[in-house]
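Biologist: Before we talk about terms, could you put the model up, so that we can ask how each word is earned?

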Amino acid sequence: MSDHGHDHHEHDHEHEHHHKDTFITKYIFSIDHKMIAKQYLITGIIMGIIGVGMSMLFRMQLAWPEESFGVFKFFLGEQYAPGGVMKNDAYLSLVTIHGTIMVFFVLTAGLSGTFSNLLIPLQIGARDMASGFMNMISYWLFFLSSVIMVSSLFVESGPASAGWTIYPPLSALPQAIPGSGTGMTLWLVSMAIFIASSLMGSLNYVVTVINLRTKGMSMTRLPLTIWAFFITAVIGIVSFPVLLSAALLLIMDRSFGTSFFLSDIYIAGEVLHYQGGSPVLFEHLFWFLGHPEVYIVLLPALGITSEIIATNSRKPIFGYRAMIASILAIAFLSTIVWGHHMFISGMNPFLGSVFTFTTLLIAIPSAVKAFNYITTLWKGNLQMNPAMLFSIGLVSTFISGGLTGIILGDSTLDINVHDTYFVVAHFHLVMGISALYGMFAGIYHWFPRMFGRMLNKNLGYIHFWVTAVCAYGVFFPMHFIGMAGLPRRYYTNTNFPLFDDLQNVNVLITIFALVGGAFQLVFLYNFFSSIFYGKKTVQNPWRSNTLEWTAPVEHMHGNWPGEIPEVHRWPYDYSKPGHDEDFVPQHIPMKEGEEVLNH
Amino acid sequence: MTSLLVIIVLVLLAIALWQLTKIFDLTQVGQGANNVQVATDKDNNVQGYLMFGFLAFIYIFTIYGLFAWGHLVLDNPASEHGKDVDRLMNITWVLIFIVQAITQVLLHYFAFKYRGNKDRKALYFADNDRLEFIWSVIPAVVLAGLILYGLYAWTNIMFVNEKEEDVIVIELYAKQFAWEARYSGEDNVLGKANVRYIEGVNTLGVDLADPNAQDDKVVTELHIPKGKKVLFKMRSQDVLHSAYMPHFRAQMNCVPGMVTQFAFTPTQTTEEYRGSKKMTEKVANINKERAKRSAVLVAKGESPLDPYTFDYLLLCNKICGASHYNMQMKIVVDTPEDYKKWLSEKPTLVESVKPEKASAEEPQGPSSPVAKDTIAVAVDTTKVVAAVK
């Protein structure tokens, strides 16, 4: 498509739209990618409040088991907390829904949905997504699935409580746990809709990145954010449908009497008719998504961090091509490592050997990324904005959490730490906290782009430092109780005197969790008040090179009032010798005799 | 209630901080720059020092953790392969600590050292193939070593040649929320079993017509002999469970519809393990904690907790339902003599089924038809068994 023709068409479109931009088309059923990004973000934040809030509740139960709390009575009610004491199935529901919400609704949709939507068109120089309508549908399906997931909290028999991995038979049989009744049905329906939403979003991202780049924006001039979103979308397209099929087969087993995952079951005094299925098959299908999901969550965060670290270091990102190569390597490897979640599932141990091998390979591109970040800081001129702090924090937790992956990825070592708190500590640091930091970094950095105002930096500093201390305070001690053999998903460990000496550690973890959780209120206050009362931003507050900062502060359909800027250089010409300013935006033409210094 | 107060205090603290920053903002009114929310040199300086402080925090917290909680970590493996697992674990930990120490220093020190100011210009340093090469190859070589060791150990642990090796075959049977064990008896072969045979005392659904099942024994406390390899065959009757025996570095899921397995050789009897110095200390520690809790309970008018003595345990380690947190079985490692004696005193399953069958059938007479198919099968098989005998 020629740029010119494209422009012309969009202008006409713009013109006819202008007059009928009602409240509904502007704020609700919007097809503008910037508005959809904001919708994703705010829905994600609300889901985040629910998800994090749940973790506060069950952390309290773990620190002070079976004690009565007013908050339990208030949030869980008589049914789940009679006399203010949390019931055991309520505990399992809380961990299940916490996991589901954080992984899918906050860190997949909230993170990727927000920033892919906001940045892909703006950073590649496009007027909007390839299909604005599909983009809108994608958001509303996500919204619908969120509503269903939240409403499942209120059904009579309770929400799903078989863990976020919903392994059958537990998730298939209401006789096994009450949450596997209506609650599980709603969980599956919600996830099926979520997957449809995610696929529409992903297809849109891929098509947009491939087709709608502005003149001069070759693939090797794309900011690393776009590379990360692009590859994330590809991973999503490859792996989410497999989860959909697992969910559909599970629905068949639950409601129509098939035996895909069930066999030889005797429960509640009777033999069920199921014959010939295998729960291990479900585990394979689940983790075929489940593992790439880790990278679906993590890669966008790493992409965001790459951009923010480069901008705030006033330095080119170190090893641009190596970064792209490692994103590609991670994406490829992520689809062939799922078996490391199943070393002791009963699958052939030979498979365990294969998956150990592929899993430890993934440490290599991850190490490359970590070292490249550190080298980017070296001899930089670091501007310590809150976004930068969260990005450095991400690198720190990514390393701390990633290193323990060497233990879990090694089948021999996994035997004894599998499903203990060691696993909880590992994945929360490497994907939970890291991705959350990525999301926060992105919000602090692109808030001016989204809302035309700045977030308060001092609140941002407080938010970061308390969160950073608390994140380590929560998850570092957890490694120890995991290495002591404490299984996860235990309502309380008071039935095992063996673990009585771990109780003090559990109390400490919970205190850190409560403080860290409470300080997220600082962020929420900053976020919501700055939307309305924040300082007005200048066009390019961080003095960044990428194209989104060339568009006017005021949002408009089509992003740029005139022609789309043309791109003449890669996005990381920071502090380039021969220029007066320490940044040279992508749309600035090369000077006479200026050399390309990166390769 | 206390925690509610804690939360309220935290919220108030947060509010106080907001107010402080508001005041701070007010002091900047009049400086009027549009980009007042962008980090200044002063911010860079303060945050740079904080980064350095955070590095200290990570280090101190790690060292504190090792001293305060290091003793909680499982050590002294009670199985033969456990020594291999622990050695590999220790090697891996040393590597992790080295890498962690170096990278976190670099990251936070650079963040401190190169904190920005107006006069500095960053170095334009876009790429360097030699560096990229170094930090791809070093991890690759180190990981190759770990992988080789890991796979060697894994193969030794997981592949058991039942026919050639001298092993005792024991079935671990999982159900919501209890464990049972079945000993294969003299023939060392477990009789066939299926949930469809479950009836009365035959809770494991053993096919009583199977000749191999005649000497099988079912118990609810697991005894195993020291120094002899035990091959566990695992089944579950309802949902996924996981047989986790942390002191033996052993774990395997129990999957309905299939048989999974794990084998190990216990190396220390329960008595020996209890007597070890670390365990004596641990138990004393735990009992101190329990005494504290008992005091609270007694004050409330409840009965105090029993003092704790160590036993090996089999725990369920795969979420299996509401009472997942209390699904356990005691494991006793005996000397071979004690083990033999203990086992010989247990009745076989067939023996336990007989009296129950007799009492169940008597009032109706031996030839009365039985309604359920599965039960009919079971009754038939016992008759066959009787005939064979």
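**Two helices and two chains**

Modeller: This is a predicted model, and in it α9(A) and α13(A) are oblique to each other.

Biologist: Why are α9(A) and α13(A) called oblique?

Modeller: The axes of helix α9 (residues 279-313) of chain A and helix α13 (residues 386-408) of chain A cross at roughly 125° and come within 9 Å. Angles of 65 to 115 degrees count as roughly perpendicular and those over 145 as roughly antiparallel, and roughly 125° falls in neither range, so the pair is oblique. The crossing of α9(A) past α13(A) is left-handed.

Biologist: Which residues make the contact between α9(A) and α13(A)?

Modeller: From α9(A) come Ala301(A), Thr305(A), Ile308(A), Ile309(A) and Asn312(A), and they meet Ala387(A), Met388(A), Ser391(A) and Leu394(A) in α13(A). By class, the residues of this contact are 6 nonpolar and 3 polar, with no charged ones.

Biologist: How many residues of chain A are in contact with chain B, and what makes a pair count?

Modeller: A pair counts if the C-beta atoms lie within 7 Å, and by that rule 131 residues of chain A are in contact with 117 residues of chain B. Helix α16 (residues 457-483) of chain A gives the largest share of chain A's side, 14 residues, and that side as a whole has 81 nonpolar, 34 polar and 16 charged residues.

Biologist: Where in chain B does pLDDT stay under 50?

Modeller: That stretch is residues 365-389 of chain B, for which the model has 19 contacts beyond four places in sequence, while the mean pLDDT of chain B is 87.

Terms used
Residues are numbered from 1 along each chain as its sequence is written. Chains are lettered from A and ligands numbered from 1 in the order in which they are written. This is a predicted model: local features need pLDDT of at least 70, side-chain atom pairs count only at pLDDT 80 or more; totals for chains, interfaces and linings use all residues. Axes are lines fitted to C-alpha atoms, for helices over the stretch in contact, and angles run from 0 to 180 degrees between N-to-C directions. Helices (H or I, at least four residues) and strands (E, at least two) are DSSP runs, numbered from the N terminus. Angles under 35 degrees count as roughly parallel, over 145 as roughly antiparallel, 65 to 115 as roughly perpendicular and the rest as oblique. A crossing is left-handed if the near helix is turned anticlockwise from the far one by less than a right angle, and right-handed if clockwise. Two residues are in contact if their C-beta atoms, placed from the backbone, lie within 7 Å. Ala, Val, Leu, Ile, Met, Phe, Trp, Tyr, Cys and Pro count as nonpolar, Asp, Glu, Lys and Arg as charged, and the others, Gly among them, as polar. pLDDT is the predictor's confidence in each residue, from 0 to 100.
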